Amino acid sequence: MDFALSFEQQSLVDALEEFCRRELYPHENLVEELRYVPDEIRQEIRRKSAEAGFEGMSLPEEWGGPGLDKQTKMQAERVMGKPSSALGQCMNRGVTGILFKCKDEQIEEYLLPSIRGEKKNAFALTEPGAGSDARSIVTKAVRDGKEWVINGVKQFISAADIADFIILIAVTGTDDTPKGPRKRFTTFLIDKDTPGLRVEPMKSIVTRGYNPTMVYFDNVRIPDSKILGEEGQGFNTANEWLYDGRVSLSAHCVGRAERIFDMTKEWAGTRKAFGKTIGEFQGVGFKVANMAVDIKLGDLMVKEAAWKIENDLMNRTEASMVNYYCSEMVFRVADNAVQVFGGMGMMEDFPIQRFWRDARIERIWEGTSEIHQDVIAKDLLRPYQH
Ligand SMILES: Cc1cc2nc3c(=O)[nH]c(=O)nc-3n(C[C@H](O)[C@H](O)[C@H](O)COP(=O)(O)OP(=O)(O)OC[C@H]3O[C@@H](n4cnc5c(N)ncnc54)[C@H](O)[C@@H]3O)c2cc1C
């Protein structure tokens, strides 16, 4: 296994990091305060990132992108874990993988405008009664002639407030299987201005500006042509991008942990107590050492995972392992950082508290830590079941 990037690949990743530092970091406090990205800042980031050559950088070649290999792509994701998610989203680097399932007029209506950055989407699976247990969702799409009528409620849906359309997973029936009745799930593309669809904000303490929302479907009528992929294949359609999603999240965690660590080292190396810098005390120095080791392990796991995806060797156990480790790791790093910063770690005008709050969500979304542990344990113990 060789994880090294070529000179060109490394230059791209370095340029992306420099761009984030110059164009994104300076707006973070404002977004935190406002809880949204002002339109002029969104447009400016979009324009400057396009000028710098980052627009569409995660797209495959057949859709006009550079077709980056997985190692470079995940290293770019690591860098994108450093700025606020809300600002990172303004860059239009690519599209949600599931949209490549678009066919016929969906390509003109959803995929191409998304690639051009003209349309944004939100992905709606979770419901008030079904989070980890996603197969318990009850939002229903019922066929009525050539249309589908949708009723239900989705909860915690990120960025539906600023989306143009919703990628919805709904129940479209039940199949009889040898193991009993099984729900059929289907993915739909639904314009946000469709009558009966309503989005309401939720007030979250994490990732401000990239906000979770409630999405209500009240007799929403859509034609057959809005099915993404095949009817009854909802989870299969979404799962094709599962590994990429889990490793990208892990790469974000590593990047964010690195940024937190840089601030922590500087503080530990300069803040004085009892006539010394606090980093000279073993209680703080050991924290610094543990953070360094923790981040390194996460980084290596992401690099190995990228290599495995590239070589078609990834499986769900390993995808859960890297996701579980990295999301727990970034919170450990952020929590130790707060401790090293002392009281200043809790002050709103210092960024550490924001990183600490934002790190917390990684252990919950894209599968909670317990669900990943469950997957890992079940997969490893399956051969012993009789
Ligand atoms: C800010 C934010 C943004 C989000 N964005 C989106 C989005 O864009 N789209 C979307 O569809 N969803 C989104 N989600 C939802 C997210 O994916 C869910 O919150 C997550 O899957 C957990 O579901 P839940 O909150 O209902 O918790 P629950 O499933 O109710 O779990 C509660 C607790 O029980 C534990 N638990 C549950 N089952 C088991 C088990 N079998 N074994 C052990 N422990 C278990 C969990 O680990 C957790 O600790 C978002 C959530 C947040 C907070």
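This passage describes the ligand site, the cysteines and selected residues of a predicted model.

The ligand is surrounded by 17 residues. The closest are Phe123, Thr126, Ser132, Thr368 and Glu370. By class, the shell holds 11 nonpolar residues, five polar residues and one charged residue. Three elements each supply at least two residues of this shell: strand S1 (121-124), strand S3 (147-158) and helix H12 (369-381). Strand S3 gives the largest share, with three residues. At the level of domains, domain 2 (121-236) and domain 3 (241-384) both contribute to the shell. The ligand therefore lies between these two domains.

Polar atoms of the ligand are placed close to N or O atoms of the protein at several points. In Phe156, the partner is a backbone N or O atom, 2.8 Å from a nitrogen atom of the ligand. In Ser158, the partner is an N or O atom of the side chain, and its distance to a nitrogen atom of the ligand is 2.8 Å. In Glu370, a side-chain N or O atom lies 2.7 Å from an oxygen atom of the ligand. Taken alone, the ligand exposes 970 Å², and the protein buries 63% of that area. Glu370 thus appears twice in this description, among the closest residues of the shell and as a side-chain partner of a ligand oxygen.

The cysteines were examined next. A disulfide is a covalent bond between the sulfur atoms of two cysteines. A search of the whole structure finds zero disulfides. The cut-off for such a pair is 2.5 Å between the sulfur atoms. For Cys20, the closest cysteine sulfur belongs to Cys90 and is 11 Å away, too far for a bond. For Cys253, the closest cysteine sulfur is that of Cys326, at 6.1 Å, which is also too far for a bond. Cys20 is buried, at a relative accessible area of 0%. Cys253 counts as buried too, with 0% relative accessibility.

Backbone geometry is the next topic. Most residues other than glycine have a negative phi. Asn92 is not a glycine, yet its phi is positive, at about 55°. Asn92 sits in the loop between helix H5 (85-88) and helix H6 (105-115). Its relative accessibility is 10%, so Asn92 counts as buried. Phe274 is not a glycine either, and has a positive phi of about 50°. The loop that holds Phe274 runs between strand S9 (272-273) and strand S10 (276-277). Phe274 is exposed, because its relative accessible area is 79% and the cut-off for exposed is over 50%.

Two helical residues complete the account. Glu23 belongs to helix H1, which covers residues 7-24. At 12% relative accessibility, Glu23 counts as buried, since the cut-off is under 20%. Glu23 and Lys48 are 25 residues apart along the chain, and their C-alpha atoms are separated by 8.2 Å. Gln353 lies in helix H11, residues 352-361. Gln353 is buried as well, with a relative accessible area of 10%. Its side chain makes a polar contact of 2.8 Å with the side chain of Arg357.

How values were computed: Residues are numbered from 1 along each chain as its sequence is written. This is a predicted model: local features need pLDDT of at least 70, side-chain atom pairs count only at pLDDT 80 or more; totals for chains, interfaces and linings use all residues. Side-chain values use heavy atoms; hydrogens and water are left out. A residue is near a molecule or strand if one of its heavy atoms lies within 4 Å of it. A polar contact is a pair of N or O atoms within 3.5 Å; within protein, one must be able to donate a hydrogen and the other to accept it, and residues adjacent in sequence count only if both atoms are side-chain atoms. Accessible areas come from the Shrake-Rupley method with a 1.4 Å probe; for residues, only the protein chains shown count as cover. Helices (H or I, at least four residues) and strands (E, at least two) are DSSP runs, numbered from the N terminus. Ala, Val, Leu, Ile, Met, Phe, Trp, Tyr, Cys and Pro count as nonpolar, Asp, Glu, Lys and Arg as charged, and the others, Gly among them, as polar. Domain bounds come from an automatic or database domain assignment. Buried means under 20% relative accessible area, exposed over 50%, partly exposed in between (1.4 Å probe, protein chains only).
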